[in-house]
Amino acid sequence: MQADKYGIRGILRTLNIEEINHGATTGTEWFKTRGEALTSYSPADGSAIATVNQATWDDYELVMAKATDAFRTWRMVPAPKRGEIVRQIGNRLREYKEPLGSLVSYEMGKIYQEGLGEVQEMIDIADYAVGLSRQLYGFTMHSERERHRMYDQYHPLGVVGVISAFNFPVAVWAWNAMIAMVAGDVVVWKPSSKVMLSAIAVHRIIGSVLEENNVPEGVLNLVAGSSRNIGDDFLADKRIPLISVTGSTRVGRHVSKIVGERLGRTILELGGNNAIIVSQYGNLNMALRASLFGAVATAGQRCTSTRRLLIHDCIFDKFRDKLIEAYKQLKIGHPLDPDTVVGPLVDRDAVKNFLNAQEQIKKEGGRIVYGGQVLVGEGYGSGCYVVPCIAEVENHYKIVQEETFAPILYLIKYKTMDEAIEHHNNVPQGLSSAIFSKNILETERFLSHEGSDCGIANVNIATNGAEIGGAFGGEKDTGGGRESGSDAWKAYMRTSPPNFRWLRV
Ligand code: NAD
């Protein structure tokens with residue numbers, strides 16, 4: 001590790017991350033994993049952070065044996081008591097918010113405030129799940145038969161597999177695990193290989209809560225292993241009734257095929273291609289700030305990042321020029337530096353994709369109007385820092401139809417709202433969307449079933465970010481899954497509506 005300006009060594013000590021770590025736990029017990037050693041390098045400065053001896057299939061089998069056993073005990077614990085454990089997990093995460101947020105930032109590359117924000121989402125979903133543990137409601141119905149009543153019952157499902165993407169190293173697990181836990185399920189988490197240390201840190205933090213409360217081994221499990229070892233066989237494992245995967249559409253399709261083949265259930269949270277419609281009736285200063293933040297936050301590596309701006313013809317040039325001016329002010333640098341607005345991309349492969357996409361844009365007739373370079377020189381030694389890019393394009397370009405997971409913002413003109421909505425929906429993905437307009441006819445239409453076809457539709461705020469209270473997810477190639485709030489918890493349970501006959505005695 002280079003000069004420890006940001007106190008990384010102390011952060012790793014606080015989080016109990018050692019030089020070499022084991023990749024599998026069933027709660028408090030850590031297995032001596034002997035899989036291939038994988039060192040995690042920070043995209044911030046290229047330093048080796050620490051190494052993980054990855055979990056093998058044998059380790060997975062040990063974990064699964066504990067998990068299936070633990071389910072039998074855990075499902076019998078009353079839901080509010082399960083909620084009490086979740087409450088304590090939320091509180092323990094509060095205590096470790098700064099060091100965990102820092103590790104997330106250093107290992108993944110998102111800026112410190114976003115690292116903190118991610119841990120806050122874990123805390124928020126824990127709070128939400130505590131309340132939910134007393135509200136796993138079902139309806140009662142009138143039966144067509146005499147002296148019968150019917151009602152919904154929600155039962156726990158079993159072992160829930162959670163596969164998470166690199167860009168939310170810890171929050172995605174919490175969105176799933178906190179809800180699954182109060183639902184009476186047990187969780188086996190396979191994190192992204194790019195950010196395994198953050199996952200290990202989470203399990204180190206929550207292990208103390210599990211121990212203090214005598215939670216059986218096997219309720220919250222981690223298997224940090226490569227997809228070569230813990231991949232398709234994990235997906236095909238019939239002991240797992242539900243697999244929740246957050247990742248690219250390509251991987252989601254693969255997961256869906258294998259889990260579908262055995263008639264298992266999935267929650268698919270996949271790629272987005274999110275657009276903002278900037279109407280001539282909008283507050284353009286607001287739209288400008290939101291577009292900027294939507295496109296460059298997390299260096300364009302959010303599923304909800306703003307990728308396309310559909311701008312009315314009569315304000316197009318002015319809006320583009322102001323946007324370019326705003327991009328010029330962006331401070332690009334070390335993610336733990338408090339002045340930084342844009343951190344590095346996750347690795348050099350991501351940089352390659354960023355550059356290839358620009359080639360493709362030009363080939364198809366588009367024009368790069370700002371940025372797109374890779375930064376070199378002091379502070380940029382990891383080779384992962386880029387200047388966010390703006391390009392003028394047409395919506396039908398092949399490259400525009402794809403999700404490039406990097407800070408490239410496409411500018412597209414429209415003349416009528418019909419055309420804007422047509423462009424907006426004319427991509428394979430359907431995650432998040434927004435319109436900036438003060439014209440209620442436009443905004444209502446956008447929110448209606450004639451408008452945005454996405455899982456998330458916003459008015460006068462950007463596409464990125466989501467509150468845990470609402471169900472989160474998207475349509476079409478985004479996979480159709482829902483996580484977090486609203487009634488998303490139902491996916492983690494099974495219904496069994498008894499028809500109950502009463503008798504005169
Ligand atoms: P990815 O698809 O490359 O990998 C996702 C996860 O799947 C990783 O943990 C990976 O190890 C695992 N995986 C791959 N093959 C597997 C297999 N055969 N068996 C089991 N696991 C396997 O995605 P990524 O690069 O980590 O993340 C970026 C992508 O995730 C983007 O497309 C982004 O839009 C998407 N994403 C979506 C959401 C959402 O909520 N919709 C949220 C965050 C990220």
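## Around the ligand

A polar backbone atom of Glu269 sits 3.5 Å from one of the ligand's nitrogen atoms. Keep in mind that this is a predicted model. Leu270 also uses its backbone here: an N or O atom of its main chain lies 2.7 Å from a nitrogen atom of the ligand. Asp232 brings its side chain instead, with a polar atom 3.0 Å from a ligand nitrogen.

How much of the ligand does the protein bury? On its own the ligand exposes 860 Å², and the protein buries 89% of that. Two elements give two or more residues each to the surrounding shell, namely α8 (232–235) and α9 (249–261).

## Who makes up the shell

Counting everything, 26 residues surround the ligand. The closest are Ser164, Asp232, Ser248, Leu270 and Glu403. So much for names; what about chemistry? The shell has eleven nonpolar residues, eleven polar ones and four charged ones.

Which domains supply these residues? Domain 1 (8–270 + 483–495) and domain 2 (274–467) each give at least three residues to the shell.

## Arg320 and its two partners

Now for the charged pairs, of which there are plenty to look at: the structure holds 27 salt bridges. A good place to start is Arg320, which forms one with Asp317, the closest N and O atoms being 3.6 Å apart. Both residues belong to helix α11 (residues 316–328), and because they are three residues apart there, about one helical turn separates them. Is Arg320 buried or exposed? Arg320 counts as buried because its relative accessibility is 13%, below the 20% cut-off. Asp317, at 42%, counts as partly exposed.

Arg320 also meets the side chain of Glu392 in a salt bridge, at 2.7 Å from N to O. Here the partners come from separate elements: Arg320 lies in helix α11 and Glu392 in strand β17 (residues 389–392), so the pair ties together parts that are 72 residues apart in sequence. Glu392 counts as buried, with a relative accessibility of 17%.

## A pair in helix α12

Lys362 and Glu359 form another salt bridge, with their closest N and O atoms 3.5 Å apart. What separates Lys362 and Glu359 along their helix? The two are three residues apart in α12 (residues 348–363), so the spacing is about one helical turn. Both ends of this bridge count as partly exposed: Lys362 has a relative accessibility of 45%, and Glu359 has 44%.

Back to the Arg320 group for a moment, since there is a wider picture to add. Salt bridges with shared partners join Asp317, Arg320, Asp321, Arg367 and Glu392 into one network.

## Thr463 in its loop

Last stop: Thr463, found in the loop between β21 (456–459) and β22 (471–472). Is this loop residue buried or exposed? Thr463 is buried, with a relative accessible area of 0%. Its side chain makes a polar contact with the side chain of Thr306, at 2.7 Å.

Technical notes: Residues numbered from 1 in each chain as written. Predicted model: local features only at pLDDT ≥ 70, side-chain atom pairs only at ≥ 80, totals over all residues. Heavy atoms only, no water. Salt bridge = Lys/Arg side-chain N within 4 Å of Asp/Glu carboxyl O. Helix = DSSP H or I, 4+ residues; strand = E, 2+ residues; numbered from the N terminus. Buried < 20%, exposed > 50% of the residue type's maximum accessible area, 1.4 Å probe, protein only. Near = heavy atom within 4 Å. Polar contact = N/O pair within 3.5 Å; in protein donor to acceptor, adjacent residues only side chain to side chain. Areas by Shrake-Rupley, 256 points an atom, 1.4 Å probe, with all protein chains shown as cover. Nonpolar A, V, L, I, M, F, W, Y, C, P; charged D, E, K, R; others polar. Domains from an automatic or database assignment.
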